[in-house]
Amino acid sequence: MRRPRVLSGIRPTGQGFQLGNYLGAVQHWAAMQDDNECFFFLADLHALTANPQPEQLRARTRESVAELLAMGVDPSRSTVFVQSHLPQHPELGWILSCLTGFGEASRMTQFKDSQQRDKGEGSVGLFTYPVLQAADILMYQADAVPIGEDQRQHLELTRDLAQRFNHRYGDTFVLPAPYAGRAGERIKDLQDPSRKMSKSIGGNGTVWVLDEPAVVTKKIRSAVTDTGREVRATGDKPGITNLLTILSVVTGDGVGELEGRYEGRGYGDFKADVAAEVVELFAPVRERYAELMADPGHLDSVLAQGAASARVVADRTMTEVRERVGLLPPAPARQAG
Ligand code: TYM
């Protein structure tokens, strides 16, 4: 019996990872490493959809590896790799795109949002983005995919594509478990709690994992709150609700319990405590990150080993997929003489 397979990815975009990436995804990755066979990767091909500067993407990819390890991803227990080191991903993405309906891909909310943002001028890469994501997941026959809420729809598409492929060509792919909501699945922007905290938006509403403690404190203290003084998670208090969620996920204390603790104490005390907890959470991450960045040879060897382990699984999947869909295998090269 194999241990359950876990896979997830993160894009090396923005100026680093943010609090939502940690609470919604990476903290769970770190916690799953003992009981599962884990694959975690930097989705640099997905990052290309934002058209980053080449040097910046390269640097961010390397820094992202260090950041992931600093946040607790452990390459001695998990396979850590860079997506573009495995050309099998876009190959499977292409094959799956031939099973994806145009309308189906058009209904992805992340794509629709980007269409709105780009006024209909977005790239084909943004359109096929979820299909490549499905390929990432199915390649490793993942049983579970720890992600934040914004990726839920892409996981549903992945399950649909796996089912369609299996039905058409015979049982090939494991269906990853549907997304199960967890605390911290949707951390909101501190300045605009109607939208999620995001690497690509940044600004004072985003707490970067590597922010200086004084910056974290300032951002949290100036988080938008509502009029009134009561620390309660109610629909008309999205800012306070978001901070309560953060505090609850970081400390492990229930939201109800926290509401009781801050009864009659106002927002000031509350925000100071949230800031202190987040600073404490990331202090060791900042330290470890600096150590890891000082040893680029180590990061290179982690990625080389990760790619080698990932390749074993990816090759196995692709040999089967190519055969099932009817691609002619290349003839073995003739021996000279
Ligand atoms: P990305 O890089 O946008 O985000 C990485 C992970 O962080 C989660 N996340 C959040 N969770 C809670 N609150 C937030 N404000 C918040 N912001 C981000 C995301 O849900 C995600 O889990 N498409 C993916 C990368 C990807 C991938 C994959 C993931 C490519 N292939 C295969 C899983 C499996 C993405 O853009 O993540």
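What follows is a conversation about a predicted model, in which a visitor asks how several descriptions of the ligand, a cavity and one residue are reached.

Visitor: Why is Thr100 called buried?

Guide: The relative accessible area of Thr100 is 15%, and buried means under 20%, so Thr100 with its 15% falls within that class. As for its place, Thr100 sits in the loop between helix H4 (88-97) and helix H5 (102-106).

Visitor: What makes the pair formed by the side chain of Thr100 and the backbone oxygen of Leu96 a polar contact?

Guide: A polar atom of the Thr100 side chain lies 2.8 Å from the backbone oxygen of Leu96. The cut-off for a polar contact is a pair of N or O atoms within 3.5 Å, and the 2.8 Å of this pair therefore meets that distance limit.

Visitor: How do you know that Arg11, Gln18 and Met197 make polar contacts with the ligand?

Guide: Each distance can be set against the limit of 3.5 Å for N or O atoms. For Arg11, a polar side-chain atom is found 2.8 Å from an oxygen atom of the ligand, while for Gln18 a polar side-chain atom is found 3.3 Å from a ligand nitrogen atom. In the case of Met197 the backbone takes part, with an N or O atom 2.9 Å from a nitrogen atom of the ligand. The values 2.8 Å, 3.3 Å and 2.9 Å are within 3.5 Å, so these pairs count as polar contacts. On its own the ligand has 720 Å² of accessible area, and the protein covers 98% of that area.

Visitor: Which residues around the ligand come nearest, and which helices and strand supply at least two residues of the shell?

Guide: There are 29 residues around the ligand, and those that come nearest are Tyr129, Asp136, Asp150, Ile187 and Lys199. Strand E1 (5-10), helix H1 (19-32) and helix H7 (124-139) each supply at least two residues of the shell, which by class holds eleven nonpolar, eleven polar and seven charged residues.

Visitor: What makes a space in this structure a cavity, and how many of 30 Å³ or more does the structure hold?

Guide: A space is called a cavity because a 1.4 Å probe fits there but cannot get out, and the structure holds one of 30 Å³ or more. The largest cavity has about 30 Å³ of space, and its lining includes Asp211, Val216 and Phe282. Helix H12 (266-293) is one of the elements that supply at least two lining residues, and the largest share, five residues, comes from H12. By class, this lining has six nonpolar, no polar and three charged residues.

Notes: Residues numbered from 1 in each chain as written. Predicted model: local features only at pLDDT ≥ 70, side-chain atom pairs only at ≥ 80, totals over all residues. Heavy atoms only, no water. Near = heavy atom within 4 Å. Polar contact = N/O pair within 3.5 Å; in protein donor to acceptor, adjacent residues only side chain to side chain. Areas by Shrake-Rupley, 256 points an atom, 1.4 Å probe, with all protein chains shown as cover. Helix = DSSP H or I, 4+ residues; strand = E, 2+ residues; numbered from the N terminus. Nonpolar A, V, L, I, M, F, W, Y, C, P; charged D, E, K, R; others polar. 1 Å grid on protein atoms, 1.4 Å probe; cavity = no way out; pocket = protein on both sides within 12 Å on 5 of 7 lines; lining within 4 Å. Points joined across faces, edges and corners; volume = space filled by probe spheres on them. Buried < 20%, exposed > 50% of the residue type's maximum accessible area, 1.4 Å probe, protein only.
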